[in-house]
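Thank you all for making time this morning. I would like to walk through one small part of a model first and then work outwards from there, so please have the viewer open.

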Amino acid sequence: MFYRVEIAMNLFSEVSVLREWGVAGGRPKAVVQSFANLRDASRVADRHRNRAERRGYLRF
């Protein structure tokens, strides 16, 4: 199983947080959230990453 959180700028000068999870070899699920600034996006990404680690996902 995997869980990925990524922060990136999008074409509309917003910061996007991409979350992707699933089983290796299967079809992953993904959610993208957009934020007006990096600070808000970073807080949300950290919150999701911390939650995934509490659920047993390992950090690579």
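**A serine under cover**

Let me begin with serine 16, which has a relative accessibility of 12% and therefore counts as buried, since the cut-off for that label is under 20%. Please keep in mind throughout that this is a predicted model, and that what I quote has been computed from it.

Serine 16 belongs to strand E2, and its side chain makes a polar contact of 3.2 Å with the side chain of asparagine 10. If we set aside the neighbours within four places in sequence, serine 16 touches Glu6, Ile7, Ala8, Asn10, Val32, Gln33 and Ser34. The strand around it is mostly covered as well, with six of the eight residues of E2 being buried.

Now to the sheet itself. In what order do the three strands of the open sheet lie? The order is E1-E2-E3, with antiparallel pairing, and because E1 (2-9) and E3 (29-35) each have a single partner strand, they stand at the edges, with one side of each left without a neighbour in the sheet. From one strand to the next, the twist averages 15°.

Taking the two pairings in turn, E1 is joined to E2, residues 15-22, by eight bridges, and within that pairing valine 5 faces arginine 19, while methionine 9 faces valine 15. The hairpin that E1 and E2 form has five residues between the strands, and serine 13, in the turn, has a positive phi of about 60°. On the other side, seven bridges join E2 to E3, where leucine 18 stands opposite valine 32. That second hairpin has six residues between its strands, and here it is glycine 25 in the turn that has a positive phi, of about 90°.

Next, the helix. H1, residues 38-54, lies across E1, E2 and E3, and runs at about 175° to E1. As general background, nonpolar side chains in soluble globular proteins tend to be buried together. In this model, the largest nonpolar core consists of six residues, namely Val15, Val17, Phe35, Ala41, Val44 and Ala45. E2 and H1 each supply at least two residues of this core, and the largest share, three residues, comes from H1. Valine 17 is a useful one to select on screen, as its contacts beyond four places in sequence include Val5 and Ile7, Val31 and Val32, and also Phe35, Ala41 and Ala45.

Finally, the aromatic residues. How many aromatic pairs does the model contain? The count comes to two. Tyrosine 3 and tryptophan 21 form a stacked pair, at 6.2 Å centre to centre with 20° between the planes, and this pair links strand E1 to strand E2 across 18 residues. Tyrosine 3 also pairs with tyrosine 57, in a tilted arrangement at 5.5 Å centre to centre with 50° between the planes. Because tyrosine 3 lies in E1 and tyrosine 57 in the segment after H1, that second pair ties together parts 54 residues apart in sequence.

Tyr3, Trp21 and Tyr57 thus make up one aromatic cluster. Are its members buried or exposed? They fall in between: tyrosine 3 is partly exposed at 25% relative accessible area, tryptophan 21 is partly exposed at 27%, and tyrosine 57 is partly exposed at 21%.

Key. Residues numbered from 1 in each chain as written. Predicted model: local features only at pLDDT ≥ 70, side-chain atom pairs only at ≥ 80, totals over all residues. Heavy atoms only, no water. Pairing = 2+ DSSP bridges. Helix = DSSP H or I, 4+ residues; strand = E, 2+ residues; numbered from the N terminus. Axes fitted to C-alpha atoms, helices over the stretch in contact; angles between N-to-C directions. Contact = heavy atoms within 4.5 Å. Core = buried A, V, L, I, M, F, W, Y, C linked by side-chain atoms within 4.5 Å. Buried < 20%, exposed > 50% of the residue type's maximum accessible area, 1.4 Å probe, protein only. Polar contact = N/O pair within 3.5 Å; in protein donor to acceptor, adjacent residues only side chain to side chain. Phe/Tyr/Trp six-rings, centres within 6.5 Å; stacked < 30°, edge-to-face > 60°.
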